[in-house]
Amino acid sequence: MSKPGNYEAVRKDIVKLLHQPEYDDGSAGPVLVRLAWHSAGTYDAETDTGGSNGAGMRYEREGGDPANAGLQHARVFLEPVKAAHPWITYADLWTLAGCVAVREMGGPEIRWLPGRTDYVDDSKLPPRGRLPDGSKAADHVRAVFYRMGFNDQEIVALCGAHNLGRCHSDRSGFDGPWVNNLTRFSNQYFRLLAGLEWKLVTLPNGVKQWVYEDEDGISERLMMLPTDIALRDDPVFCEWVDSYAEDKELFFEDFAKAFAKLMELGITRDARGRVTNADNVKGGYHS
Ligand code: ZEM
């Protein structure tokens, strides 16, 4: 067991588990990033409910939200790390793992602070249905991310995470990856979104998504969600899609800031960075 507060030791163990030859595309990275995002993305700024504090996805009410299908894989990958460092809270572990995975896959360093608790405050539990629905349009995307407190630029930057991983027909109903090199963080997603000709198709399961076909009409395996295409087609979002397609450094910088903000939703800290709104610490480590 590591010394409580030794987050470097936890980081190292997360790095070690990213390589998963038997799983998906050989990496736990993308699904860990999605776990971190879904743990935080339930936040509602107006009522100050949801967010990563409490790690509510451990329980059926949040974990069983159809939007979270498949994330049990990410949680299982992290169990040995929790066992080796029992002092870290799940809420800290999940958010830290997302940041470490982005960095290890070639993305930017993301500022991460500890202090979340695993105490589930029933009055803060988010209802299901707060996470975005990939089949919808720009107004839905705005409603969901404005609720968390993000602006249009941050929305586009965050969605650049679709440079990682893939859709699984048995999880979301959508199928395929957004880019070819899907375990390497880059701005390829934006370049393909802006640069390729995308065609709307209906999958055998009835789900509609966009695919890329080459000149011979042969469908490549690349895909886009309707919400991704909405970023390309919206007059404000599209400016940021183009900027990030052209400037990888700008994307990395903006992504790092927006992702750090996402991980902090619902957490308040004092000047020293200590969490001030987690009074009921149960089973959590407090410095
Ligand atoms: Zn995603 N995302 N996402 N996303 N996402 C999927 C996969 C991944 C949306 C969405 O519906 C889906 C953000 C925003 C939005 C990742 C990270 C982030 C999948 C496929 C869907 C359907 C799930 C499956 O079948 O396994 C929508 C509608 C979004 C906003 C409009 C943001 C923001 C993210 C992080 C910052 C990642 C990494 C994946 C890949 C997961 C994997 O298992 O490979």
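Domain bounds here come from an automatic or database domain assignment. With that in hand, let's start. One caution before the tour: this is a predicted model.

The assignment gives two domains. Domain 1 covers 7-131 + 259-263, and domain 2 covers 138-253. Their centres, taken over C-alpha atoms, are separated by 22 Å. How many residues does each domain bring to the contact? Domain 1 brings 21 residues, and domain 2 brings 17.

Look at the domain 1 side of that contact. Two elements give two or more residues to it: α2 and α11 (248-263). The largest share is 6 residues, and α2 supplies it. By class, this side has 12 nonpolar, 6 polar and 3 charged residues.

Now the ligand. Where does it lie with respect to the domains? Both domain 1 and domain 2 give residues to the shell around it, so the ligand lies between them. That shell has 24 residues. The closest are Pro30, Gly134, Ala161, Gly165 and Ser172. Three elements give two or more residues to the shell: α2 (29-40), α7 (152-159) and β1 (166-167). Which of the elements gives the most? That is α2, with 5 residues. So keep an eye on α2: it gives the most to the ligand shell, and it also gives the largest share of the domain 1 side that touches domain 2. As for chemistry, the shell divides into 14 nonpolar, 7 polar and 3 charged residues.

Next, α7. We just met this helix in the ligand shell. Six names to find on screen: Glu154, Ile155, Val156, Ala157, Leu158 and Cys159 are buried. With 6 of its 8 residues buried, α7 is largely enclosed by the rest of the structure. What do those buried residues pack against? They pack against α6 (138-148), α9 (226-233), α10 (237-246) and α11.

Val156 takes us on to the core. The largest nonpolar core has 75 residues. Leu32, Ala36, Ala97, Val156 and Val241 touch the most other members. Helix α5, residues 90-104, gives the most to this core, with 10 residues. Which domains does the core draw on? It takes at least three residues from each of domain 1 and domain 2.

Stay with Val241 for a moment. Leave aside its neighbours within four places in sequence. Val241 is then in contact with Val156, Phe190, Leu193, Ala194, Leu231 and Arg232. Note that Val156 is on that list, and that Val156 is one of the buried residues of α7.

Last stop, a hairpin. Strand β3 is residues 198-202, and strand β4 is residues 208-213. Parallel or antiparallel? They pair in the antiparallel sense, over 5 bridges. Two of the pairings are easy to pick out. Leu200 has Trp210 in β4 as its bridge partner. Val201 has Gln209 in β4.

Between the strands sit 5 residues. Gly206, in this hairpin, takes a positive phi near 90 degrees. Pro204 is found in the loop too, between β3 and β4. Buried or exposed? Pro204 has 7 C-beta neighbours inside 10 Å, so it counts as exposed. The cut-off for exposed is 12 or fewer. One distance to finish with: Pro204 and Gly173 are 31 residues apart in sequence, and 10.0 Å apart in space, C-alpha to C-alpha.

Key: Residues numbered from 1 in each chain as written. Predicted model: local features only at pLDDT ≥ 70, side-chain atom pairs only at ≥ 80, totals over all residues. Near = placed C-beta within 6 Å. Helix = DSSP H or I, 4+ residues; strand = E, 2+ residues; numbered from the N terminus. Nonpolar A, V, L, I, M, F, W, Y, C, P; charged D, E, K, R; others polar. Pairing = 2+ DSSP bridges. Contact = placed C-beta atoms within 7 Å. Buried ≥ 20, exposed ≤ 12 C-beta atoms within 10 Å, placed from the backbone. Core = buried A, V, L, I, M, F, W, Y, C linked by C-beta atoms within 7 Å.
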